[in-house]
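Hi,

Here is the structure I promised to pass on. Please open it alongside this email; my notes follow below.

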Amino acid sequence: STLNAHYTAPVVVSAIYEAVERLGFKHGRVLEPAAGIGHFFGLMPAEMSARSRLTGIELDPLTANIARKLYPDADIRTQGFESAALVDNSFDLAVSNVPFGDYKVADPQFDGQNFLVHDYFFAKGMEKVKPGGLMVFITSKGTLDKVNSSLRDYLHERAAFVGAIRLPNSAFRQNANTEVTADIVFL
């Protein structure tokens, strides 16, 4: 999992929460399907955090244990998102910097869709967010730019596109030592 262990800059996480609040989310059930050490939990506004139930999924055991120690009130699960037993339509907000790459996740529910890992997180995340909820994911520019529209078509049938912000390719240079063009997608 260390190939995808790119931690999100606090300024990006804080900006996401400012946008989420402007879009009307105040508190509720929050899912972080690629939690890492929990930056999205740690940087959540205090009032929002105090009134929310937090669930984090993290594949890497060491990283999950760090998140569990940092956020003892959160439900941190050490497993892949594909293995997480989560009720569909049960979260008010799903927020994450999802893993991205040119590989697929084995999940019988989505195997027929042939989604790459970042697209898989969108599809699976959408199943977990309740109607009227928000999903805000940081992803590679490939999610919005690629010629194959199957994920966008899939999401269009299930969600309203609220907006997207393209980050400069230097947004993750300082804290993740990587240069990649990424988007924040709001559904």
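**Strand pairing and the sheet**

In β5, Leu134 is the bridge partner of Leu93. Keep in mind that this is a predicted model. A second pair links Val95 to its bridge partner in β5, Val136. In total, six bridges join β4 to β5, and the two strands run parallel.

β5 also pairs with β7. Here five bridges join the strands, which run antiparallel. Look for Ile138, which stands opposite Ile184 in β7. As background, strands of a sheet pair through backbone hydrogen bonds, either parallel or antiparallel.

Now zoom out. The sheet is open and has seven strands. Their order is β3-β2-β1-β4-β5-β7-β6, and the pairing is mixed. β3 (75-78) and β6 (163-166) are the edge strands, each pairing on one side only. On average, neighbouring strands of this sheet are turned by 15° against each other, direction ignored.

**Helices on the sheet**

Helix α1 (residues 10-22) packs on the sheet. It touches β4, β5 and β7. The direction of α1 makes about 155° with that of β5.

Helix α4 (residues 61-70) lies across β2 (53-58) and β3. Relative to β3, α4 runs at about 170°.

**Helix α5**

What links β4 and β5 into a unit? Helix α5 does: β4, α5 and β5 make a right-handed β-α-β unit.

α5 covers residues 117-128, which is 12 residues. From its first C-alpha to its last, the helix reaches 17 Å. That is close to the 16 Å expected at 1.5 Å a residue.

How many residues of α5 are buried? The count is 12 of its 12, so to speak of α5 as mostly covered is fair. The buried residues include aromatic names you can find quickly in the viewer: Tyr120, Phe121 and Phe122. Charged names are on the list too, among them Asp119, Lys124, Glu127 and Lys128.

What covers the buried residues of α5? The cover includes three strands of the sheet described above, β1 (29-32), β4 (91-97) and β5 (129-140). It also includes α6 (142-145), α7 (150-156) and β7 (182-186).

For a first look, I would start at β5, with β4 joined to it by six bridges and β7 by five.

Best wishes

Methods: Residues numbered from 1 in each chain as written. Predicted model: local features only at pLDDT ≥ 70, side-chain atom pairs only at ≥ 80, totals over all residues. Heavy atoms only, no water. Helix = DSSP H or I, 4+ residues; strand = E, 2+ residues; numbered from the N terminus. Expected span 1.5 Å × (residues − 1). Buried < 20%, exposed > 50% of the residue type's maximum accessible area, 1.4 Å probe, protein only. Contact = heavy atoms within 4.5 Å. Pairing = 2+ DSSP bridges. Axes fitted to C-alpha atoms, helices over the stretch in contact; angles between N-to-C directions. Right-handed = clockwise from strand over helix to strand, strands pointing away.
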